[in-house]
Amino acid sequence: MKKIKRKKGPVTSKVVSYDGIAFKSGLEKYMYKALKEAGIPAEYEKHTFELLPSFTFKNDCIERQANSKGDFINRGNKKVLNLKYTPDFVGDGFIIETKGRANDAFPLRWKMFKYLMTLTCDNRTLYKPQNQAECDITVELILKNQNKTYDKKETKVSGNARRTK
């Protein structure tokens, strides 16, 4: 009987270079190429948002280090660093986060980012494509929102599958 290999550990992706830019995943590179081909200007990882400001925790806090190593001691009475988020692409009226497989921290960070946008009345559209077909749909939606015509193959999407005519 053959053993089924399951993926273990944290999500890892290969760094891919294109146009002199080091992308953190192949999906980011694909999104960049799709935006460029469609003539949609967007900046790659240029904007960082502060989700939670730094603060000083003045109480005692008996714990190990964040990685569960070290001694069980008082680690309180210290400055706690801010929490930031840098989306993959930011353009006029939109923000794109390409995410194939999210790590365990991303859903909370994404929720906090949405909350920050609500607080600051930021009305840009968020897109979170998780595969190449969704990247293509994202480009089409951005062009539609910008009232541009996209002269690429017509696409029909059914679930996660993409078919071209």
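Me: What makes a residue part of the lining of the largest pocket?
Reply: Lining residues have an atom within 4 Å of a pocket point. Here 24 residues line the largest pocket, and S13, E28, E97, T98 and K99 lie nearest its centre. This is a predicted model: local features need pLDDT of at least 70, side-chain atom pairs count only at pLDDT 80 or more, and totals for chains, interfaces and linings use all residues. Residues are numbered from 1 along each chain as its sequence is written, and side-chain values use heavy atoms, without hydrogens and water.

Me: Which element gives the largest share of the lining of the largest pocket?
Reply: Helix 1 does, with three residues. Helices are DSSP runs (H or I, at least four residues), numbered from the N terminus.

Me: How do the residues of the lining divide into nonpolar, polar and charged?
Reply: Six are nonpolar, eight polar and ten charged. Ala, Val, Leu, Ile, Met, Phe, Trp, Tyr, Cys and Pro count as nonpolar, Asp, Glu, Lys and Arg as charged, and the others, Gly among them, as polar.

Me: Why is helix 1 called roughly parallel to helix 3?
Reply: Helix 1 and helix 3 (residues 132-145) pack at an angle of about 30 degrees, with axes 10 Å apart. Axes are lines fitted to C-alpha atoms over the stretch in contact, and angles run from 0 to 180 degrees between N-to-C directions. Angles under 35 degrees count as roughly parallel. Therefore helix 1 is roughly parallel to helix 3.

Me: Which residues make the contact?
Reply: Contact means heavy atoms within 4.5 Å. Helix 1 brings L27, Y30, M31, A34, L35 and A38, and helix 3 brings Q132, C135, D136, T138, V139, I142 and L143. By class, ten are nonpolar, two polar and one charged.

Terms used. 1 Å grid on protein atoms, 1.4 Å probe; cavity = no way out; pocket = protein on both sides within 12 Å on 5 of 7 lines; lining within 4 Å. Helix = DSSP H or I, 4+ residues; strand = E, 2+ residues; numbered from the N terminus. Parallel < 35°, antiparallel > 145°, perpendicular 65-115°, else oblique.
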